[in-house]
Amino acid sequence: MEFSREKIRQIRHLMLLAALLILAIIYSNQVFQGISFLFGIFSPFLVGGAIAFVLNIPMKIFEEKMLVRWKGKSTRKCKRPLCLVLSIVAVALVITVVIGTVVPQVASTASEIGKKIPAFMDQVMEELDLLAKKYPELTNQINKLDLEEINWDSMLNSIFDFLRNGAGDMLNSTFSVASGIISGIVNVVISFIFALYILAQKERLEDQGRRIISAYLPEAAGRKTLEICSLLYRNFSSFITGQCLEAVILGFMFVISMSIFQMPYALMIGVLIAFTALIPIVGAFIGCAVGAFLILIDNPLQALWFIILFLILQQIEGNLIYPKVVGNSVGLPAIWVLMAVSVGGSLMGVSGMLLFIPLMSSGYTLLRESVNKKNAGKKPLSLPKKEAAEAAGPPENGSRPHKGPRTSSRK
């Protein structure tokens with residue numbers, strides 16, 4: 001049996017791929033260390049790409065809808081920087097509103113809790129006094145404890161050793177924390193500058209990417225790669241836009257409903273729930289927990305009614321608003337959304353939840369198109385008669401199927 005050159009080349013590539021996979025499995029620890037090292041180096045640029053992607057959504061709105069009539073050769077150099085500045089200001093304004101609304105209220109609530117702690121401690125002491133008067137045997141057992149058995153010298157020596165040795169550790173930890181903060185600030189600055197460069201030259205970068213794909217990939221593979229990239233871009237942008245719109249709608253629903261029922265902190269809780277609702281599925285429950293805790297300080301009964309209101313609005317949002325706003329834009333069934341959130345949260349936390357839904361939506365779309373293409377012109381598979389009868393189960397009323405005419409048992 002003779003093989004063609006194309007077949008031999010394919011076999012050679014498969015053998016090389018299998019060898020690389022085996023080596024990757026054998027040296028998996030070194031591979032993961034290398035991946036984490038490269039990720040640490042390129043993390044500012046990855047974060048910058050994510051910032052550019054998010055800022056590009058409002059910038060496209062300014063360019064293509066709000067300033068679409070502003071045309072001309074002289075305006076080309078001014079339109080892009082102006083739209084970029086407006087998008088940065090819009091995002092910064094949203095973040096400022098959230099922080100300015102939530103943080104002061106949380107701080108005031110924390111101060112109220114601090115003021116209520118002494119009264120609570122006095123109440124606890126009164127209850128302990130009543131308990132001691134009611135059960136004098138408990139007081140006698142406490143008085144019988146021999147406190148002289150405690151080795152005070154060894155305790156003082158251990159405290160001195162901790163202070164002597166812990167001073168250096170504390171100094172080292174302070175330096176490490178300070179260096180970590182400085183490196184974090186530097187990475188944020190680099191990421192932001194990189195995002196600005198991407199947004200300023202996005203058409204040129206897109207053209208360069210197309211030329212690289214066209215130069216190093218066959219035509220069919222290049223077209224498929226561009227199709228996948230376009231699908232990923234649509235899914236990510238649609239998911240972010242739909243998630244933000246859904247969060248705003250949910251926040252307005254809470255502000256209006258809490259104002260109607262005269263619940264405290266209506267604006268603050270609405271903004272908080274809208275902000276935390278950006279996290280799929282579990283985000284709104286975080287806002288509910290914080291809001292219920294804040295209301296509980298003032299009125300425990302209203303906190304209970306707030307939880308009931310949250311459950312009602314959550315059902316309305318989950319069954320009516322989310323499928324229309326986010327579900328249709330992403331095109332992913334609810335069961336796969338739950339799977340994407342679970343897997344992404346386990347691997348990468350909150351960022352994984354936001355990342356895996358568009359990724360799984362893109363994979364779901366590609367798989368659906370491939371399956372439909374493969375099944376075009378084929379008849380759908382069906383179970384054999386015996387397996388189909390077993391899958392259908394027994395007939396109703398427990399009656400057995402007739403296999404033929406009955407014969408009398410009497411002779």
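Is Arg 210 buried, partly exposed or exposed? In this predicted model, Arg 210 has a relative accessible area of 44% and is therefore partly exposed. Its salt-bridge partner is Glu 206, with the closest N and O atoms 3.3 Å apart. Glu 206 is likewise assigned to the partly exposed class, because its relative accessibility is 45%. The two residues belong to helix H6 and stand 4 positions apart, which means that about one helical turn separates them.

The pair in H6 belongs to a wider set, for the structure holds 6 salt bridges. Another of them links Glu 63 to Lys 202, where the closest N and O atoms are 3.8 Å apart. Here the partners come from separate helices: Glu 63 lies in H2 and Lys 202 in H6 (residues 202-216), so the contact ties together parts that are 139 residues apart in sequence. Both Glu 63 and Lys 202 are buried.

A further salt bridge is found in helix H7, between the side chains of Glu 227 and Lys 224, at an N to O distance of 3.9 Å. These residues are 3 positions apart in H7, so about one helical turn lies between them. Glu 227 is partly exposed because its relative accessible area is 36%, and Lys 224 is partly exposed at 39% relative accessibility. Elsewhere, salt bridges with shared partners join Glu 63, Arg 80, Lys 202 and Glu 203 into one network.

Helix H7 also invites a check of its geometry. Its 42 residues should span 62 Å at 1.5 Å a residue, and the end C-alpha atoms are 61 Å apart, which agrees. After H7 comes Gln 262, with a positive phi near 55 degrees, a sign noted here in a residue other than glycine. Gln 262 sits in the loop between helix H7 (219-260) and helix H8 (266-276). The loop between H7 and H8 also contains Tyr 265, which is not a glycine either and has a positive phi of about 60 degrees. The surroundings of the two residues can be read from their accessibility: Gln 262 counts as exposed because its value is 67%, whereas Tyr 265, at 15%, counts as buried.

Helix H9 (residues 283-298) follows a similar check of length. With 16 residues, H9 reaches 24 Å from its first C-alpha to its last, close to the 22 Å expected at 1.5 Å a residue. Several residues of H9 are buried, among them Gly 283, Ala 284, Gly 287, Cys 288 and Gly 291. Leu 294, Ile 295 and Ile 297 are also buried in H9.

The surface carries patches of contrasting character. Phe 37, Leu 38, Phe 39, Ile 41, Phe 42, Phe 45, Leu 46, Ile 182, Val 186 and Ile 190 form a nonpolar patch with about 970 Å² of accessible area together. Helices H2 (28-66) and H5 (152-200) are the elements that give two or more residues to this patch, and H2 supplies its largest share, 7 residues. One member in H2 is Phe 42, which is partly exposed because its relative accessible area is 46%.

A patch of negative charge on the surface gathers Asp 122, Glu 126, Glu 127 and Asp 129. Of these, Glu 127 can be placed in helix H3 (residues 76-134). Glu 127 counts as partly exposed because its relative accessibility is 48%.

How values were computed: Residues numbered from 1 in each chain as written. Predicted model: local features only at pLDDT ≥ 70, side-chain atom pairs only at ≥ 80, totals over all residues. Heavy atoms only, no water. Patch = residues over 30% accessible without salt bridge, like charges linked within 9 Å, V, L, I, M, F, W, Y side chains within 5 Å. Areas by Shrake-Rupley, 256 points an atom, 1.4 Å probe, with all protein chains shown as cover. Salt bridge = Lys/Arg side-chain N within 4 Å of Asp/Glu carboxyl O. Lys, Arg positive; Asp, Glu negative; His and termini not counted. Charge placed at Lys NZ, Arg CZ, Asp CG, Glu CD. Buried < 20%, exposed > 50% of the residue type's maximum accessible area, 1.4 Å probe, protein only. Expected span 1.5 Å × (residues − 1).
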